Amino acid sequence: MYKNKSNVHSGMSINMENLKKSFSEHLENDLVKDFSSATEADLLKALILSVRRRLTRNWIDTQKKYNESNSKKVFYLSLEYLTGNLLGNALLNLGLYDAYKETFRQMGIDLEKIIDLEPDMGLGNGGLGRLAACFLDSLATLEYPAYGYGILYNYGIFEQDIENGYQIEKPDNWLKYGNLWEVVRPELSFTIKFGGYVESHTNEDGKLLVNWKDSEDVLAVAYDIPIPGYHNNNVNTLRLWSARSTNEFNLKYFNQGDYFSAVEDKTESEVISKVLYPNDSIPAGKILRFKQQYFFVSATLQDIIQNFRKYNSDFSIFPDKVTIHLNDTHPAIAIPELMRLLMDEQGLEWNAAWEITKKTFAYTNHTILPEALEEWPASLIAALLPRHYRIIDEINHIFLEDVRKNFSADNNVIARMSIFGENGEKKVRMSHLAIVGSYSVNGVAELHTEILKKYVFPDFDKYYKNKINNKTNGITPRRFLLHANPGLSELITSRIGDSWVTNLTELKNIEQFVNDNEFLEDWRKVKQQNKLRLKEFIKQNYKVEINTGSLIDSHVKRFHEYKRQLLNVLHVITLYNRIKENPNADILPRTIILSGKAAPSYYMAKLVIKLINSIGDVVNNDKEIGDKLKVLFLKNYSVSLAEIIIPASELSEQISTAGYEASGTGNMKFALNGALTIGTLDGANIEIKDEVGNENIFIFGLKSDEVRELKSRGYRPRDYYERCEKLMKVIDMLSTDYFNKNEPRIFLPIVDDLLNHDPYLVLADYESYLESQSAVEAQYADKDMWFKKSIINTARSGKFSSDRTIRQYAEDIWHIKPVRNE
């Protein structure tokens with residue numbers, strides 16, 4: 001069995017005395033502690049400072065190299081970055097993990113215990129933010145001149161707790177003890193304007209001059225986070241903006257005893273960067289969310305232009321030096337903002353500014369759900385950003401004139417393509433603005449891209465030939481195999497070397513060992529070790545003892561009805577009924593893990609979480625069930641929790657309604673770690689199937705075109721209930737309060753929705769899902785064959801590296817070249 005070294009790339013050649021000296025100096029000089037008085041939190045802080053110091057020179061040199069080369073750069077705008085904690089990943093990328101581990105061992109300190117103390121950065125929530133974080137890692141590793149831009153949130157989306165089975169949202173105060181990775185840049189502060197009015201006049205040369213007057217101003221201050229590449233000297237930058245008041249303190253009010261008014265401006269301004277995703281179901285939350293988007297976009301573009309002007313004077317070459325990438329529609333207001341800055345601040349005429357803008361932006365679409373294709377009330381934009389509203393209106397006018405002239409004069413087509421939606425309240429369609437103002441639009445999986453072309457933006461696809469393209473998502477193997485699964489990483493490296501860390505297709509070389517009994521046994525032992533780690537975590541935190549001989553069946557992702565956690569729940573109840581009907585039957589033991597957050601205002605998703613916990617309370621305490629079935633909801637899902645769950649998992653639940661999941665990256669992480677997938681032909685599941693082979697994945701359910709056809713015919717979910725005895729029994733148990741005797745009728749909304757609406761076709765796919773789960777049971781009974789398939793899943797996951805994705809973006813969309821910091 002291979003030792004859990006947590007780093008297959010040795011940094012032991014580093015002088016460990018120097019490491020110890022650096023660590024001790026930071027403990028003494030920065031924290032004013034020695035080993036006799038230092039807490040574990042102090043040790044963590046000293047370690048972060050020591051590691052940051054070791055990458056500082058490379059960080060400075062990398063930025064200098066990028067600027068002096070005046071090469072084209074990409075600026076990645078994302079409202080989310082789900083980075084997880086940074087320390088362990090930084091140590092691996094710098095090649096220092098083993099050296100620090102041995103240094104700490106000599107000092108009597110457990111390095112891994114200290115690393116685990118670091119909180120996950122509260123900068124993201126789901127797949128959008130995790131993808132952005134993977135991209136940053138790949139950009140630095142591949143030595144591309146790139147910058148990430150976002151918001152420095154004081155609080156993450158929320159810390160999820162469970163009380164009486166219900167999700168409770170608590171503040172995610174991840175900055176409670178500060179963030180030692182960040183470097184504040186007060187010299188990079190930009191004024192952001194809201195409200196007021198626009199005044200324009202023509203000067204004596206006939207040039208239109210525009211003044212934005214009486215605005216409410218907020219200051220954006222830059223905070224930089226280092227992003228080291230893997231085993232190279234490049235260190236890229238994630239720049240985050242924090243909101244500050246332009247009027248910090250009103251002494252007049254203070255001296256009059258009006259202490260609240262004295263700091264009112266400060267409070268109102270700084271709320272902009274206070275929390276990730278404020279609740280936009282209320283008007284104030286909607287306004288704050290839009291302000292957040294413009295706040296970080298405006299600061300970013302001002303920063304980009306300031307940097308450009310240091311090394312260039314001719315704005316006609318701006319698109320040759322700059323690509324701005326929009327990660328979903330959240331930053332789409334950047335398009336009129338660049339127009340404003342070029343015209344009003346830099347003095348360009350409309351035509352020149354528009355040509356530059358259209359050649360600068362690229363846009364990634366991440367969803368087909370109508371509610372996620374952002375639309376903002378035109379009245380809100382006009383009030384908060386009066387200049388931008390005029391610019392959007394003019395962009396739309398010019399665009400539609402061209403549509404009429406060169407594409408279609410059909411008023412229905414014009415209405416469909418307009419940036420403004422006129423059905424009811426007039427709204428600005430941010431996805432349309434992003435398409436019109438960008439030179440590239442991409443989906444994130446082959447099916448997703450085809451749906452965009454065929455159903456979501458068909459007119460745009462015909463009008464802009466070849467603008468919509470595909471770039472299938474990927475994940476960083478440094479985080480999700482090397483860091484998260486050190487035992488498996490070392491086993492793989494012992495057989496094929498370590499080049500897979502930066503060239504994931506090299507994993508194909510482990511497939512030659514699929515019939516090697518020694519390798520199979522080592523593979524099994526690694527999985528068992530990870531299951532034991534998960535068992536200990538669950539025992540400590542949930543007081544439930546799981547059977548490590550059971551199948552670890554995991555369904556972890558953001559809670560949404562289309563992701564169909566509810567379908568999994570119906571299967572759980574079906575398994576429970578099978579065991580209760582015949583307790584002595586030979587049934588595959590399962591531990592079913594669910595985890596993920598539901599949006600605070602998403603009633604149905606939160607009710608499903610309550611249902612899972614209610615079922616768990618019954619199942620896990622039923623002596624007749626014993627260790628044949630356990631159901632656990634693990635609260636507060638995060639990158640760090642994923643790194644415990646994913647390596648231990650054997651079955652990966654990817655069961656969204658076909659045609660609704662853009663890509664998914666959780667499916668890739670599980671497959672990379674040797675879990676077999678049970679899933680629909682949705683998102684990247686299709687491409688995983690194509691890579692691993694039909695015999696190494698469990699596919700079920702309606703295809704995306706069959707989903708559309710069934711809905712168009714008139715879907716009657718009650719028909720499925722009435723013809724399937726197992727399903728009827730499961731639904732009736734929910735109706736009769738079987739799992740909630742102390743809270744009667746609470747699950748009736750779920751029953752009503754399933755029987756009378758079922759928008760995501762849970763009941764239509766139920767029987768197919770059960771058949772596929774039966775195939776899982778039959779396959780798991782042959783453990784040798786299961787582990788062979790596990791090896792094949794890992795071996796054939798090479799396509800799903802974010803390094804491959806980033807190379808495709810760089811070559812096909814951004815047209816940037818690597819710049820190496822020697």
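**Figure 1. Helix α33 lies across four strands of a parallel sheet in this predicted model.** Helix α33, made of residues 783–795, crosses β17, β20 (651–654), β21 (676–679) and β22, and runs at about 85° to β21. The sheet is open and has six strands in the order β19-β18-β17-β20-β21-β22, with parallel pairing. Its edge strands are β19 (629–634) and β22 (698–699), each of which pairs on one side only.

**Figure 2. Helix α22 and the pairing of β18 with β19.** Helix α22, residues 517–542, lies across β17 (551–556), β18 and β19, and its direction makes an angle of about 70° with β19. Strand β18, residues 590–595, runs parallel to β19 and is joined to it by six bridges. At the level of single residues, Ile593 has Leu632 of β19 as its bridge partner.

**Figure 3. The largest nonpolar core and the surroundings of Trp814.** This core holds 182 residues, and those with the most contacts inside it are Leu77, Phe295 and Trp814. Helix α10, residues 283–311, gives the most to this core, contributing eleven residues. When neighbours within four places in sequence are left aside, Trp814 is in contact with Lys72, Val74, Tyr76, Leu139, Thr323, His325, Tyr439, Ile806 and Tyr809. Another core lies apart from the largest one and has 70 residues, among them Val608, Val619, Val631 and Tyr660.

**Figure 4. A tilted aromatic pair between Phe75 and Tyr149.** The model contains a count of 36 aromatic pairs, and in the one formed by Phe75 and Tyr149 the ring centres are 6.1 Å apart with 40° between the planes. The pair links distant parts of the chain, since Phe75 belongs to strand β1 (residues 73–77) and Tyr149 to strand β2 (residues 146–151), 74 residues apart. Phe75 counts as buried because its relative accessible area is 4%, under the 20% limit, and Tyr149 is likewise buried, at 2% relative accessibility. Both rings also belong to a cluster in which ring pairs link Tyr66, Phe75, Tyr147, Tyr149, Phe190 and Trp241.

**Figure 5. An edge-to-face pair between Tyr660 and Tyr760, and lysines over rings.** Tyr660 and Tyr760 form an edge-to-face pair, with 5.2 Å from centre to centre and 80° between the planes. Here too the pair links distant parts of the chain: Tyr660 is in the loop between β20 and α26 (666–672), while Tyr760 is in the loop between α31 (748–756) and α32 (762–780), 100 residues apart. Tyr660 is buried at 16% relative accessibility, and Tyr760 is buried at 13%. The ring of Tyr760 has a further partner, in that the charged end of Lys711 sits over it, 5.8 Å from its centre. Elsewhere, Lys669 lies over the face of Phe480, at 4.7 Å from the ring centre.

**Figure 6. Positive phi values at Asp214 and His815.** Most residues other than glycine have a negative phi. Asp214, although not a glycine, has a positive phi of about 55°, and this residue is placed in the loop between β7 (208–213) and β8 (216–228). Asp214 counts as exposed because its relative accessibility of 62% is over 50%. His815 is found in the segment after α34 (802–814) and has a positive phi near 55°; with a relative accessible area of 49%, His815 is partly exposed.

Technical notes: Residues are numbered from 1 along each chain as its sequence is written. This is a predicted model: local features need pLDDT of at least 70, side-chain atom pairs count only at pLDDT 80 or more; totals for chains, interfaces and linings use all residues. Side-chain values use heavy atoms; hydrogens and water are left out. Helices (H or I, at least four residues) and strands (E, at least two) are DSSP runs, numbered from the N terminus. Buried means under 20% relative accessible area, exposed over 50%, partly exposed in between (1.4 Å probe, protein chains only). Two strands pair if DSSP finds at least two bridges between them. Contact means heavy atoms within 4.5 Å. Axes are lines fitted to C-alpha atoms, for helices over the stretch in contact, and angles run from 0 to 180 degrees between N-to-C directions. A nonpolar core is a set of buried Ala, Val, Leu, Ile, Met, Phe, Trp, Tyr and Cys residues joined through side-chain atoms within 4.5 Å. Rings of Phe, Tyr and Trp (its six-membered ring) pair if their centres lie within 6.5 Å; planes under 30 degrees apart count as stacked, over 60 as edge-to-face and the rest as tilted. A charge sits over a ring if NZ of Lys or CZ of Arg is within 6 Å of the ring centre and within 35 degrees of the ring normal.
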